There are 2 protein chains.
Amino acid sequence: MDDTKQRLINAAGEIFADKGYEAASIRDICQRADANLAAVNYHFGEKRQLYVAAVRHAQCCRQEDIPFPDWPAEMPAVERLRAFIETMFARMLAGDRPRWHLEIMLRELARPTEACATVVEDYIRPMADKLRSILLDLLPEQLTEQQRWMIGFSIVGQILFYYVHQPIIRLLIGHVGIEPIPLDQLADHVARFTLAAIGAGPSVIATGSPS
Amino acid sequence: MDDTKQRLINAAGEIFADKGYEAASIRDICQRADANLAAVNYHFGEKRQLYVAAVRHAQCCRQEDIPFPDWPAEMPAVERLRAFIETMFARMLAGDRPRWHLEIMLRELARPTEACATVVEDYIRPMADKLRSILLDLLPEQLTEQQRWMIGFSIVGQILFYYVHQPIIRLLIGHVGIEPIPLDQLADHVARFTLAAIGAGPSVIATGSPS
DNA sequence: GATTGATTCATACAAACGTTTGAAATAGTC
DNA sequence: GACTATTTCAAACGTTTGTATGAATCAATC
């Protein structure tokens with residue numbers, strides 16, 4: 001039955017995301033998938049194709065997963081930006097879906113291989129378009145394309161940092177609080193930081209803690 | 001002569017930074033270093049120790065490299081923050097030092113191994129302290145520790161994004177301009193974005209292009 | 001129930017890996 | 001120049017790697 005193929009993709013995804021492509025061995029993958037060693041070559045031909053299949057599976061799942069809310073057209077751009085940031089945070093830290101979906105894609109984005117282009121086009125591009133449509137409404141028209149891109153990157157850069165560099169954050173502020181900063185506080189901070197930066201809200205130091 | 005040891009570290013650094021620890025083979029490293037295959041085990045004992053030596057060497061070099069200017073005490077905090085951002089960008093994109101120095105450390109920060117703690121303490125911590133001392137002057141005292149950290153992360157997150165995710169930036173805005181965005185424009189954008197966010201400057205949309 | 005096609009399995013293969021070894025070569029000291 | 005310690009070298013070690021093979025098992029059709 002085709003179930004083996006799916007088990008292989010899941011096991012491979014976990015191990016690839018955890019250890020990287022080279023360090024992941026077919027034997028480890030097959031063992032975790034309860035499959036025979038030859039299963040990979042039978043179903044996927046070679047290791048590389050299994051990796052590509054895992055990346056594709058991850059991006060497919062993530063697309064349906066936590067969709068951006070279908071906000072009404074009359075929703076103010078400021079609110080839509082805030083919702084965008086919250087959704088992106090939720091996508092990164094949502095615990096209901098396997099963590100490797102995101103991790104394997106982030107690996108691909110940081111060190112692109114042949115599977116990178118499809119990740120960008122099918123997963124990143126829609127998010128970028130969504131963000132840009134918000135910024136088009138939010139920002140004055142006379143800004144250059146490059147300026148709009150840079151503002152977008154400033155937003156996404158903040159969000160990604162908290163995910164990708166979580167280990168360093170722990171090491172740095174370790175003694176302050178072992179607890180990771182709660183998700184909603186992060187989203188709120190980034191939203192206020194960004195809105196203040198583009199002149200659509202008070203500065204982050206204007207008000208106290210939102211709690 | 002001890003020259004071989006240094007050649008091995010340099011060759012290993014380049015290959016580790018490029019392909020990662022597992023994918024880098026001792027044979028490739030020794031060939032690039034013009035050293036015998038057994039040289040690694042003679043000088044470092046094992047592959048892992050060679051990797052650690054390469055990371056250590058990178059962080060040592062980077063420390064002297066492009067130091068933060070010794071700004072006078074009376075320099076306004078706003079100016080110091082701008083200088084901090086510019087120096088960090090310069091550190092990332094400076095072409096005079098080998099690129100692998102930074103890359104191997106960023107790899108370590110994204111996927112920590114045993115060498116990570118020393119990178120954080122010896123390289124990241126001083127930068128974090130510098131930034132925090134600026135923010136202490138710049139921000140009102142009643143902010144919580146956590147809020148100050150988050151503002152710092154928002155700054156560093158922006159800067160890192162432009163380096164780590166350069167390939168995706170190219171793919172996304174490819175048709176707009178093949179040329180990468182100039183370094184000084186990036187630094188200026190992040191500085192203005194940040195200063196506006198914390199209420200220490202006009203919003204990024206307030207003025208036109210700085211050029 | 002025999003036949004066929006798809007899937008699983010144990011096993012084998014050659015190549016590449018990190019590591020070891022002992023002899024050659026080199027450098028330094030008396 | 002003889003002696004010692006350090007460094008290099010070619011060759012081999014035992015594993016592990018990805019991949020290939022052919023028989024065994026299973027599912028389905030007739």
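Reader: What makes you say that the copies, chain A and chain B, meet through the same surface?

Author: Good place to start! In this predicted model, 100% of the interface residues of chain B are also interface residues in chain A, so the two copies meet through the same surface.

Reader: How do you know which relation links chain B to chain A?

Author: Superpose chain B on chain A and look at what it takes: a rotation of 180°, with 0.0 Å of shift along its axis, and the RMSD is 0.1 Å. That is the relation of a two-fold axis.

Reader: Which residue of chain B comes closest to the rotation axis?

Author: That is B:Ala197, whose C-alpha comes to 2.0 Å from the axis.

Reader: What makes a residue count as near DNA strand D?

Author: Its C-beta atom, placed from the backbone, has to lie within 6 Å of the strand. 17 residues surround DNA strand D, and the closest are A:Ser25, A:Glu46, A:Lys47, B:Thr4 and B:Ala38. The elements giving two or more residues to this surface are α2 (26-32) of chain A and α3 (39-44) of chain B.

Reader: And which residues are the closest to DNA strand C?

Author: Here they are A:Thr4, A:Ala38, B:Ser25, B:Glu46 and B:Lys47, among 17 residues that surround the strand. At least two residues each come from α3 (39-44) of chain A and α2 (26-32) of chain B.

Reader: How many nonpolar, polar and charged residues does the surface near DNA strand C have?

Author: Sorted by class, there are nine nonpolar, four polar and four charged residues near DNA strand C. For DNA strand D, the surface likewise has nine nonpolar, four polar and four charged residues.

Definitions and conventions
Residues are numbered from 1 along each chain as its sequence is written. Chains are lettered from A and ligands numbered from 1 in the order in which they are written. This is a predicted model: local features need pLDDT of at least 70, side-chain atom pairs count only at pLDDT 80 or more; totals for chains, interfaces and linings use all residues. Helices (H or I, at least four residues) and strands (E, at least two) are DSSP runs, numbered from the N terminus. Ala, Val, Leu, Ile, Met, Phe, Trp, Tyr, Cys and Pro count as nonpolar, Asp, Glu, Lys and Arg as charged, and the others, Gly among them, as polar. Copies are superposed by least squares on the C-alpha atoms of residues with pLDDT of at least 70 in both. Two residues are in contact if their C-beta atoms, placed from the backbone, lie within 7 Å.
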